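Here's a quick briefing to read alongside the sequence and the 3D view. Have both open and follow along.

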Amino acid sequence: MNHLLKAISEANNHLLKEYSITHALQECITALGSNTLVDRCYIFKNEIKDGVLILNYEYEWCKKDVTPFIGNPELSGIPYDVFPGLLETLIQNLPLYGLVRESENVLFRETMEMQGIKSYLFTPIFSNDEFWGWIGFDDCETERIWQEEEVNVIHTVARNIGIRLNQDKVHFELESALDELNFYMKSSKQAKWEWNIITGGVKFTYYWFEMLGFTPEELEESFETWRNRIHPDDLSEIEQNLSNYINKISDNYSGVVRMLHKLGHYVWIKYSGIMITDNFGVATKIVGTHIDISEIKEKEIELAQQRNEYDHLVNSLAEVIFKTELNGDIIFLNSQWEKTTGYKINRCIHQNLFDYFENITSEIIEKQLEESSSTKLFEAQLVKKNGHKIWVLLILTIQTDIRNNKKIAIGSITDINDTISLKNELEISEQKFRFIAENTSDLIMQHRPDGIVTYVSSNCEKLIGYKPHELLNKSPYLILHPDDLERIKIQHKNILNFKNEIMTFRVRRKDQEYIWCETSSNIILNSNKEIIGVQTSSRDITERVKDQEEIKLALEKERELNELKSGFVTMASHQFRTPLSVIFSNVELLNYKINTKKVIIKDDVEVITNRIGNEVNRMTELMNNILVFGEYESNNLKIEIKEILLSDFIEKLIETYFNNEKDNRKLIFEMTGTEKPILSDESLLIHILNNLISNAFKYSKGSSNPILKIDFDQSYFKIQIIDFGIGIIPKETKHLFKSFYRGSNTSTIQGSGLGLIIAKQFTELLNGTISISSKIDEMTVVSLKFPYKQKKNRLTNIKK
């Protein structure tokens with residue numbers, strides 16, 4: 001027995017050493033064979049070949065002078081069926097032993113006797129509960145009777161062999177996994193960590209520090225470093241997980257934990273680890289990974305929040321939301337179902353939705369959906385739990401459930417019972433409204449709050465030329481006069497602020513003519529007193545507007561006439577009184593000289609008669625202007641167009657009227673460009689230029705000579721009269737072309753206040769323009785622009 005114990009001890013030592021499994025098994029059977037005083041010790045290993053369990057002769061030890069059988073082909077590849085009872089015993093983890101001559105298996109007995117074997121002992125080897133093979137002991141010299149104690153000890157060695165085989169398998173698989181893990185870690189940014197449970201040493205890869213915002217130099221590689229960065233709320237749970245794994249209470253170490261980042265916030269880390277044990281199954285090391293899943297976790301939290309919001313939204317809707325199988329079996333209902341029908345949701349799940357409707361079935365729905373997969377709308381009657389029926393709008397569509405790629409029906413149920421009840425009343429109201437709208441002379445329109453037209457009465461074409469459908473869904477601003485748009489937009493806003501206003505504006509008919517319309521508006525409200533539209537009623541008031549314009553023009557004309565009359569009286573009383581007074585005083589002076597002097601000196605008489613003549617000329621000029629102005633105002637002025645050479649015309653004008661000024665000043669005549677003949681009225685030109693040149697001399701006494709410039713352009717000719725006199729006060733410029741108006745700085749200078757207005761009226765009669773620019777006490781420039789051509793040889797009454 002001592003030899004056997006020694007054999008067991010040596011065999012176990014070989015199994016515990018870090019030999020390769022082949023070396024360890026060979027050393028093990030050598031120790032067993034040499035110390036158990038047997039002739040041969042060997043190991044058979046099982047193999048499945050073509051679906052048949054066979055045994056192979058793998059390891060052997062033989063005493064000196066005993067024939068070895070390792071490598072003998074007759075002892076490998078033999079199926080267990082050859083030796084009945086062998087597999088049945090060994091597979092139950094039971095030893096098989098005895099004397100060869102007592103074996104009932106003839107083939108087995110003959111095979112053993114052929115090898116000179118007299119007694120045998122077979123002990124099964126199980127690795128991780130798998131029948132791996134068996135150890136055999138042969139005694140060729142004596143018929144050895146194996147004691148039960150010996151058999152049990154050797155059986156223990158077989159179990160130790162099985163443990164070693166299993167450890168080698170686990171170590172092999174672990175090393176493969178670690179190799180794969182190392183490769184994966186190198187190609188990804190996952191952090192790898194390792195904790196030696198025996199020594200307490202910890203190792204972290206570079207990315208472990210990086211995911212927490214540190215460099216390897218900033219943190220110590222220790223268990224406490226890891227522990228101190230765990231969120232306090234997560235610490236007890238992860239420590240418990242680690243303890244359970246090490247103590248084999250759980251077979252998995254993984255989860256999610258929060259770890260403190262360098263910047264002060266927490267990152268979400270997914271952790272996992274694999275435990276490494278020694279030959280006795282004691283945990284020595286854990287190797288694992290840490291992965292930063294903060295982004296994923298935040299998305300999960302966000303999705304969860306969105307899901308909560310979605311659930312809240314769905315259950316807050318006033319409509320029933322449902323999801324069913326294609327046959328109508330209910331999968332989901334929101335909380336509105338209970339409020340609408342009175343049925344509990346949990347009792348309705350898996351029931352057919354259409355069983356709750358009176359006039360609609362799943363067959364009708366299926367048929368409708370077969371014809372078209374688009375969304376379907378149905379008006380149906382829903383039967384409530386209390387038996388009452390209500391009208392609802394059923395909206396239904398077919399979609400694919402992304403979870404199982406299965407077709408389902410989803411939709412909503414809206415209570416429209418009140419709507420249906422009001423529908424008939426609305427139809428009656430609409431009929432009344434249409435009757436009124438179609439039989440009134442006013443144009444009736446309805447608009448959205450933004451103005452878009454939603455209804456037009458049939459008399460639209462009669463009033464503005466458009467057919468009703470041509471204006472539908474369009475903005476009315478498109479046919480309004482541009483000058484009225486801003487005002488109408490303001491009034492539109494006022495109407496939407498409950499300030500109904502009567503609007504007048506111009507509308508462009510389809511024939512592009514404008515008519516005046518008067519429109520009254522009323523806002524349209526829904527049941528919540530919210531504005532949903534505007535109704536307008538418009539009528540044509542073009543004739544009324546024309547009448548009002550004519551009245552306005554007449555009143556304006558009357559006002560102008562009154563102002564003209566008043567101005568004329570004021571002017572006449574002043575302008576006629578002064579020359580008459582001068583004439584009267586000079587006549588008295590002449591009578592005095594005649595009565596008191598025997599001899600009348602010629603020079604004295606000439607002085608007096610010159611004074612009288614000047615005042616008569618002054619009155620004559622005034623009367624001529626009044627007569628010309630009167631002709632224009634009475635529409636009796638006629639125009640005679642003829643060809644004129646402007647340079648000759650100007651020279652004759654200067655020679656006739658402006659060649660003998662009392663202060664000896666002359667009018668300087670300048671001309672630029674190539675002269676072209678003009679078509680104009682000579683008389684009107686004389687009046688225009690005579691008035692303007694006279695003003696130039698009159699209002700510039702004591703200054704430089706006035707200038708008359710003519711510039712012949714391509715499409716028009718321009719005349720400028722320039723003087724260097726008193727100028728025009730800026731604020732009075734706007735009054736220059738008013739009848740009888742005279743500037744405040746001209747009170748000491750004779751004038752009627754009609755010269756400029758006559759010049760302007762005659763210039764416009766010749767299709768020209770007149771403008772004046774001036775600097776006080778420096779210069780005044782009057783500019784005239786005329787076309788070259790008028791209508792030749794035509795007498796035309798002037799139309800106002």
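How many of the 11 residues of helix H21 (residues 755–765) are buried? The count is 8, so this helix is mostly covered, with buried meaning under 20% relative accessible area. Keep in mind that this is a predicted model. The rest of the briefing starts with the whole protein and then goes through a few spots worth a click.

**The whole protein**

- The protein has 800 residues, and 39% of them count as buried.
- DSSP-style bookkeeping gives 21 helices and 30 strands.
- If you take contacts between residues at least 6 apart in sequence, 54% of them join residues at least 24 apart.
- The protein exposes about 46,700 Å², and carbon and sulfur atoms supply 52% of that area.

**Helix H21 and what follows**

- The buried set in H21 runs through Gly755, Leu756, Ile757, Ile758 and Ala759, then picks up again with Gln761, Phe762 and Thr763.
- After H21 comes asparagine 767, with a positive phi near 60°.
- Asparagine 767 is not a glycine, despite that positive phi.
- Look for asparagine 767 in the loop between H21 and strand E28 (769–775).
- Asparagine 767 has a relative accessible area of 53%, so it counts as exposed, the cut-off being over 50%.

**Another positive phi**

- Lysine 248 is also a residue other than glycine with a positive phi, again near 60°.
- You'll find lysine 248 in the loop between helix H8 (232–246) and strand E9 (253–260).
- Why does lysine 248 count as exposed? Its relative accessible area is 53%, and the cut-off for exposed is over 50%.

**Salt bridges**

- Searching the whole structure turns up 24 salt bridges.
- As background, side chains of opposite charge can pair when their charged atoms come close.
- Lysine 285 pairs with glutamate 194, with 3.5 Å between the closest N and O atoms. Because lysine 285 sits in strand E11 (residues 283–292) and glutamate 194 in strand E7 (residues 191–196), this pair ties together parts that are 91 residues apart in sequence.
- Lysine 285 is partly exposed, at 25% relative accessibility.
- Lysine 297 pairs with glutamate 300, and here the closest N and O atoms are 3.7 Å apart. Both lysine 297 and glutamate 300 belong to helix H9 (residues 294–316), where they are 3 residues apart, about one turn of the helix.
- That spacing fits a general rule: an α-helix has 3.6 residues a turn, so residues three or four places apart point the same way.
- Glutamate 300 is partly exposed, with a relative accessible area of 42%.
- Glutamate 470 and lysine 510 make a salt bridge with their closest N and O atoms 2.8 Å apart. Glutamate 470 is in helix H15 (residues 468–471) and lysine 510 is in the loop between strand E19 (503–508) and strand E20 (514–525), so the bridge ties together parts that are 40 residues apart in sequence.
- Both partners count as partly exposed: glutamate 470 has 22% relative accessibility, and lysine 510 has 41%.
- Asp39, Lys63 and Glu141 are joined into one network by salt bridges that share partners.

**A negative patch on the surface**

- Which residues gather in the patch of negative charge? They are Asp540, Glu543, Asp547, Glu549 and Glu550.
- Helix H17 (residues 542–596) gives the patch its largest share, 4 residues.
- Glutamate 549 is in H17, and its 39% relative accessibility makes it partly exposed.

**Tyrosine 657**

- Tyrosine 657 is part of helix H19 (residues 646–657).
- With 42% relative accessibility, tyrosine 657 is partly exposed.
- Beyond its neighbours within four places in sequence, tyrosine 657 contacts Ile686 and Asn690.
- Measuring from C-alpha to C-alpha in the model, tyrosine 657 and asparagine 690 are 7.7 Å apart in space, while 33 residues separate them in sequence.

Technical notes: Residues are numbered from 1 along each chain as its sequence is written. This is a predicted model: local features need pLDDT of at least 70, side-chain atom pairs count only at pLDDT 80 or more; totals for chains, interfaces and linings use all residues. Side-chain values use heavy atoms; hydrogens and water are left out. Patches are made of residues with over 30% relative accessible area and no salt bridge: like charges are joined within 9 Å, nonpolar side chains (Val, Leu, Ile, Met, Phe, Trp, Tyr) within 5 Å. Accessible areas come from the Shrake-Rupley method with a 1.4 Å probe; for residues, only the protein chains shown count as cover. A salt bridge is a side-chain nitrogen of Lys or Arg within 4 Å of a carboxyl oxygen of Asp or Glu. Lys and Arg count as positive and Asp and Glu as negative; His and the chain ends are not counted. The place of a charge is taken as NZ of Lys, CZ of Arg, CG of Asp or CD of Glu. Helices (H or I, at least four residues) and strands (E, at least two) are DSSP runs, numbered from the N terminus. Buried means under 20% relative accessible area, exposed over 50%, partly exposed in between (1.4 Å probe, protein chains only). Contact means heavy atoms within 4.5 Å.
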